[in-house]
2 protein chains.
Amino acid sequence: MRVVDVIAKKRDGCTLSREEIDFFVNGVTRGTLPDYQASALLMAIVLRGMTIEETSWLTDSMVNSGDRVDLSDIPGVKVGKHSTGGVGDKISIVLAPLAAACGVIMPKMSGRGLGHTGGTLDKLESIPGYRVDLRVDEFKAVLRDVGTSIIGQTASLAPADKKLYALRDVTATIGSIPLISASVMSKKLAEGSDVVVLDVKCGDGAFMKDEADAKALATAMVAIGTRAGVRTEALITDMDTPLGRAVGNAIEVVECIETLKGRGPDDVMAVVRRFASRVLVLAGREPNEAAALCRVENALASGKALETFGRMIERQGGTAPRRATAT
Amino acid sequence: MRVVDVIAKKRDGCTLSREEIDFFVNGVTRGTLPDYQASALLMAIVLRGMTIEETSWLTDSMVNSGDRVDLSDIPGVKVGKHSTGGVGDKISIVLAPLAAACGVIMPKMSGRGLGHTGGTLDKLESIPGYRVDLRVDEFKAVLRDVGTSIIGQTASLAPADKKLYALRDVTATIGSIPLISASVMSKKLAEGSDVVVLDVKCGDGAFMKDEADAKALATAMVAIGTRAGVRTEALITDMDTPLGRAVGNAIEVVECIETLKGRGPDDVMAVVRRFASRVLVLAGREPNEAAALCRVENALASGKALETFGRMIERQGGTAPRRATAT
């Protein structure tokens, strides 16, 4: 197989085979494929697109380029979550301990800020001492004991995606639904969860400006997850205005704490409630969203959600927030 | 200016400015632009196209990346010729000495075989001793004394095109009318001729398989030459079957000698007559093609065309063919 023939095939708008996609991804992973050939193929993919089948193969190939986290020895349904990113988007930091407080196992490997959007890791690192670089065994220990752990993606997780992303960033090949969805889903599938919940942000402050694009991205990611045997759902949420009142790493963590006490800004509370109740249903903790919402409200009101957040922080080297703050 | 913004602009189907194209070509020439960005832009050009204006700017920029041969101190109209290449295409080897025998100055810098098509240089090198690597001053001396000289393109001629061509070859970005026409015309314009005649081959044995593509390529190249102030004409000629009976370096030179004696294969004779008479008119040697054809026939019949070929070969280190061969 010659990579120039694979590039020509995509240039001409044809569908690539699984073998051709594997050949490309393996070449990228091993460093045997020159960057100039990879970027030409990426641009052809941006302009010619990929079928859902091709996108799934690309995702599988990127998952197989590295390690897959094995969470099978942790009891319970593991739910992964990803947001496509927005301004003031702090939902994961609230959702993970809240869901854990309701009995759901929520492993979360997060990323840094991207473009104009903030990153979960950057925000959590504003907590003095908080370590985002746990080893997988440490991550699993926190997960087992606390029910959630938020860390950075390990280097061995989908390394092909890391290399391709770096190349896409400098070749104007970021904005492509097949490439974005394969990138997101390769990381989520490699994280080893049983269920994946996606927050596709849509609006002026999001990467997807209009609903048609957001819907197409959501559809592609759900299809990839489903084909890989992982129950996957996507919710499209508004990003026309920043989420909450705080935008900035430390002050967003403060807002998360307020939200975990049940008194966050209305928009943040609404998105958190929507995701948390859906996560409880998907994890089989409650039969329907009404019942799930009751449990969620209880975890917030009882202080159990905040306490779970505190335990996660302490297990990862930081100091837990005080239960009661001056009001 | 950031190259990633230039790539994004072309990816989105916009027209690049002259400054953006210069920035790209200068980066390629100086080696400051990474190959992976150049190849992403090339693929975007292949799939989004370029206007004639953009293609002209690209050509100018590639001409300016190197030296331009100054033929102004050689009296008379200088006519350059290029063929897009085919099987058995030996027209240049006959046309150059034939036109020179009719009083036209025909400087010719040729290329090697490309893909399935033969190269003029490869064919001429089958003549023992023939040097294709003359310096520019030697080239001009032969041109002045004989009226024609066929050599290889010097390294300083459109170096940006050489780099881009090497990259296009391995990234499936050869087949693009703007890129092909800018590549051909940058070399022809850098050669310093006053008039350029183009042979656009069309058919099964050519790079352009159908007439629409051949016509589009011819139109683009003529527009580029005209915008650069060089009188440019293109003839589309058939390449559904090999030209002549000989395909192979040495035997094609033998067929050229037969043609210069006026007894080449009918198809070769026809194309030679068509181009030679047009060249004589464009160079102002004859007022019309009928008169030009008379002069061409005379140069063939009198042996002057063959003798001119012999003088060029001898001046370039080879042994001239004997005037009369056993028949």
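Colleague: What makes Arg278(B) and Glu233(B) a salt bridge?

Modeller: A salt bridge asks for a side-chain nitrogen of Lys or Arg within 4 Å of a carboxyl oxygen of Asp or Glu, and in this pair the closest N and O atoms are 2.6 Å apart, so the rule is met. The two residues link distant parts of chain B, since Arg278(B) belongs to helix 12 (residues 266-282) and Glu233(B) to strand 5 (residues 231-238), 45 residues apart. Helices (H or I, at least four residues) and strands (E, at least two) are DSSP runs, numbered from the N terminus. This is a predicted model, in which local features need pLDDT of at least 70 and side-chain atom pairs count only at pLDDT 80 or more, while totals for chains, interfaces and linings use all residues. Residues are numbered from 1 along each chain as its sequence is written, chains are lettered from A and ligands numbered from 1 in the order in which they are written, and side-chain values use heavy atoms, with hydrogens and water left out.

Colleague: Why is Arg278(B) called buried?

Modeller: Buried means under 20% relative accessible area, exposed over 50%, and partly exposed in between (1.4 Å probe, protein chains only). The relative accessible area of Arg278(B) is 17%, and therefore the residue counts as buried.

Colleague: How do you know that Arg112(A) forms a salt bridge with Asp122(A)?

Modeller: The closest N and O atoms of Arg112(A) and Asp122(A) are 3.0 Å apart, which satisfies the cut-off already given. Arg112(A) sits in the loop between strand 2 (106-110) and helix 6 (120-124) of chain A, and Asp122(A) in helix 6 of chain A, so the pair ties together parts that are 10 residues apart in sequence. Both residues are partly exposed, Arg112(A) with 44% relative accessibility and Asp122(A) with a relative accessible area of 21%.

Colleague: What is found for Arg112(B) and Asp122(B)?

Modeller: Arg112(B) forms a salt bridge with Asp122(B), again with 3.0 Å between the closest N and O atoms. Arg112(B) counts as partly exposed at 43% relative accessibility, as does Asp122(B) at 22%. The structure holds 56 salt bridges over all chains, and a network of salt bridges links Arg131(A), Asp133(A), Arg135(A), Asp137(A) and Glu138(A).

Colleague: How do you know what relation chain A has to chain B?

Modeller: A rotation of 180° with 0.0 Å of shift along its axis superposes chain A on chain B, with an RMSD of 0.0 Å. That is the relation of a two-fold axis. The superposition is by least squares on the C-alpha atoms of residues with pLDDT of at least 70 in both copies. Of the residues of chain A, Tyr36(A) comes closest to the rotation axis, its C-alpha lying at 1.9 Å.

Colleague: Why can one say that the copies meet through the same surface?

Modeller: Of the interface residues of chain A, 100% are also interface residues in chain B, so the copies meet through the same surface. Contact (heavy atoms within 4.5 Å) joins 19 residues of chain A to 19 residues of chain B. Arg11(A), Tyr36(A) and Leu47(A) lose the most area to chain B, together 35% of what the chain A side buries. Across this interface the rule finds 0 salt bridges. Helix 1 (3-11), helix 3 (35-48) and helix 8 (159-169) of chain A each supply at least two residues of the side that touches chain B, and helix 3 of chain A gives the most, with 10 residues.

Conventions:
Buried area is the accessible area (1.4 Å probe) that two parts lose on being put together, summed over both.
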